[in-house]
Amino acid sequence: SIQVQLMRSPVKLGRISRIFITHLHGDHSFGLPGLISTLGGGRCEAGSVLTVCGPPGTRQFLRQSLAYARSDLVGIRLAIRELAGVPLLMPAPENAQMEAILAAVASDSRQGLLPALPYEIDIADADRQPDGTWTVVSDQEAAAASGGVTVQAAALSHRVPCVGYRLATRAPATGHLQPELAYQLGLARSGESALLGELKRGRTVTTRSGAVIRPEQVTAAPPPPLRLAVFGDTCNSDLAADMCRGVDCVVHEATGDNSLTDSCLEKGHSTPAMAAQFARQVGAKCLLLTHFSQRYTDGAGPTVSDASVELLRRQAEAALDGSGIDLRMAADLRQFAVTHEGVKFVADHG
């Protein structure tokens with residue numbers, strides 16, 4: 001259904017250049033081979049590279065899915081970056097045969113792989129850093145991309161290896177030029193506009209009247225980076241806490257209401273109170289809840305509505321009381337914007 005939803009959304013398929021997978025449970029990954037095939041069917045600009053990042057097993061999953069389906073990508077290349085060594089933080093499901101298969105390749109995620117796909121390019125996997133995080137998109141990589149963001153990951157507790165991602169915009173080297181300040185310091189409003197360009201480029205200028213104006217005198221401080229954390233399924237997000245301190249928004253699951261805490265913990269999921277506690281722990285500015293159980297549908301269809309998840313909203317609101325943290329509720333095809341003024345509702349495209 002991912003392709004159907006994308007076609008109903010304002011997202012342009014041809015602009016997708018990176019895909020981040022939190023874990024390999026089917027509801028988070030089975031649509032990926034089909035989406036890649038569609039993107040490689042002429043939807044992306046010729047010569048572009050599509051990078052898929054995910055936990056160990058992502059490469060094996062994609063190579064086999066695409067190879068046995070004889071999927072050919074036209075005009076684009078595929079890069080697969082795995083996050084090496086993502087741990088399983090919950091007891092493994094009791095399936096000895098399955099665990100034996102996985103253990104056979106656990107020491108080397110490339111063992112037993114099909115050869116690289118004809119359109120695949122080799123990129124380095126992301127190693128776990130001493131602080132327990134993975135640098136998925138470095139500052140250098142982000143600088144090379146127009147409007148690029150840096151991406152870090154940290155492990156979450158779920159029934160399969162799972163991560164949460166933190167995206168951050170790159171802070172501009174200089175702030176916004178304020179012409180009025182330059183005029184107040186002696187720059188003529190007419191005949192000296194070229195000097196504004198010099199100031200914007202960080203150069204000191206001298207006006208016709210002899211006034212010396214330095215860039216820092218007429219430039220506002222650059223805005224801080226915007227930071228967004230997007231988590232996969234989790235019943236304990238503590239390992240991601242340091243990475244998420246002070247984020248502008250954390251997207252966190254709330255699969256079941258607070259009365260189902262024991263069941264959620266057993267299955268690797270969270271309640272509104274658990275999500276709110278994490279948001280308070282890291283000092284997030286906004287908590288956006290998502291991944292609601294189908295038990296909260298309103299009976300009119302397979303999807304939830306604002307009315308059907310009202311209980312979850314009230315429980316999260318109560319847990320956030322007095323924190324100053326904004327609360328938002330996700331819905332299919334609901335669009336938000338993360339800004340320096342907060343998380344703003346944009347539109348419902350459903």
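Colleague: What makes strand E2 and strand E3 a pair, and in which sense do they pair?

Modeller: Two strands are called paired if DSSP finds at least two bridges between them. Strand E2 (residues 49-54) and strand E3 (residues 77-82) are joined by 6 bridges in the parallel sense, so they satisfy that rule. One such link ties Val52 to its bridge partner Ile80 in E3. Note that this is a predicted model: local features need pLDDT of at least 70, side-chain atom pairs count only at pLDDT 80 or more, and totals for chains, interfaces and linings use all residues. Residues are numbered from 1 along each chain as its sequence is written, and side-chain values use heavy atoms, with hydrogens and water left out.

Colleague: What makes a stretch a helix or a strand, and how many of each does the chain have?

Modeller: Both are DSSP runs, numbered from the N terminus: helices (H or I) need at least four residues, strands (E) at least two. By that count the chain has 11 helices and 15 strands.

Colleague: Which strands make up the sheet that holds E2 and E3, and why are two of them called edge strands?

Modeller: That open sheet has 4 strands in the order E1-E2-E3-E4, paired in parallel. Strand E1 (18-20) and strand E4 (120-121) each have a single partner strand, so one side of each has no neighbour in the sheet, and they stand at the edges.

Colleague: How do you know that helix H3 and helix H4 pack on this sheet?

Modeller: By contact, which means heavy atoms within 4.5 Å. Helix H3 (residues 32-43) touches E1, E2 and E3, and its direction makes about 170 degrees with that of E2. Helix H4 (residues 58-68) touches E2, E3 and E4, at about 150 degrees to the direction of E3. The angles run from 0 to 180 degrees between N-to-C directions, with axes as lines fitted to C-alpha atoms, for helices over the stretch in contact.

Colleague: What does UniProt list for residues 10-39?

Modeller: An unreviewed UniProt entry lists that span as "domain: Metallo-beta-lactamase". The position is in the numbering used here, the feature name is shortened, and the annotation may be inferred rather than shown by experiment. In the model, the span is 40% helix and 10% strand, and its end C-alpha atoms lie 16 Å apart.

Colleague: Why is Leu177 called buried, and where is it found?

Modeller: Buried means under 20% relative accessible area, exposed over 50%, and partly exposed in between (1.4 Å probe, protein chains only). Leu177 has 13%, so it is buried. Leu177 is found in the loop between strand E7 (162-169) and helix H7 (179-184). Leaving aside neighbours within four places in sequence, Leu177 is in contact with Leu196, Leu199, Lys200, Val218 and Thr219.

Colleague: What makes E7 mostly covered, and how does E7 pair with E6 and E10?

Modeller: Of the 8 residues in E7, 6 are buried. E7 runs antiparallel to E6, with 8 bridges joining the two, and 5 residues lie between E6 and E7 in their hairpin. E7 also pairs with E10 in the antiparallel sense over 5 bridges, where Tyr165 stands opposite Val230 in E10.

Colleague: Why is the pairing in the sheet of 7 strands called mixed, and what is its order?

Modeller: The order is E5-E6-E7-E10-E11-E12-E13. E6 and E7 are antiparallel, whereas E10 and strand E11 (residues 249-253) pair in the parallel sense over 3 bridges. Val251 in E11 is the bridge partner of Val230. Helix H11 packs on this sheet, touching E12 and E13, and its direction makes about 165 degrees with that of E13.

Colleague: What makes a group of residues a nonpolar core, and how many residues does the largest one have?

Modeller: Such a core is a set of buried Ala, Val, Leu, Ile, Met, Phe, Trp, Tyr and Cys residues joined through side-chain atoms within 4.5 Å. The largest has 31 residues, and those with the most contacts inside it are Phe231, Cys244, Val250, Leu287 and Leu289. Elements giving two or more residues to this core include strand E6 (149-156), strand E10 (227-231) and helix H10 (272-282). H10 supplies the largest share, 5 residues. A second, separate core of 20 residues includes Leu6, Leu32, Leu35 and Leu73. In soluble globular proteins, nonpolar side chains tend to be buried together.
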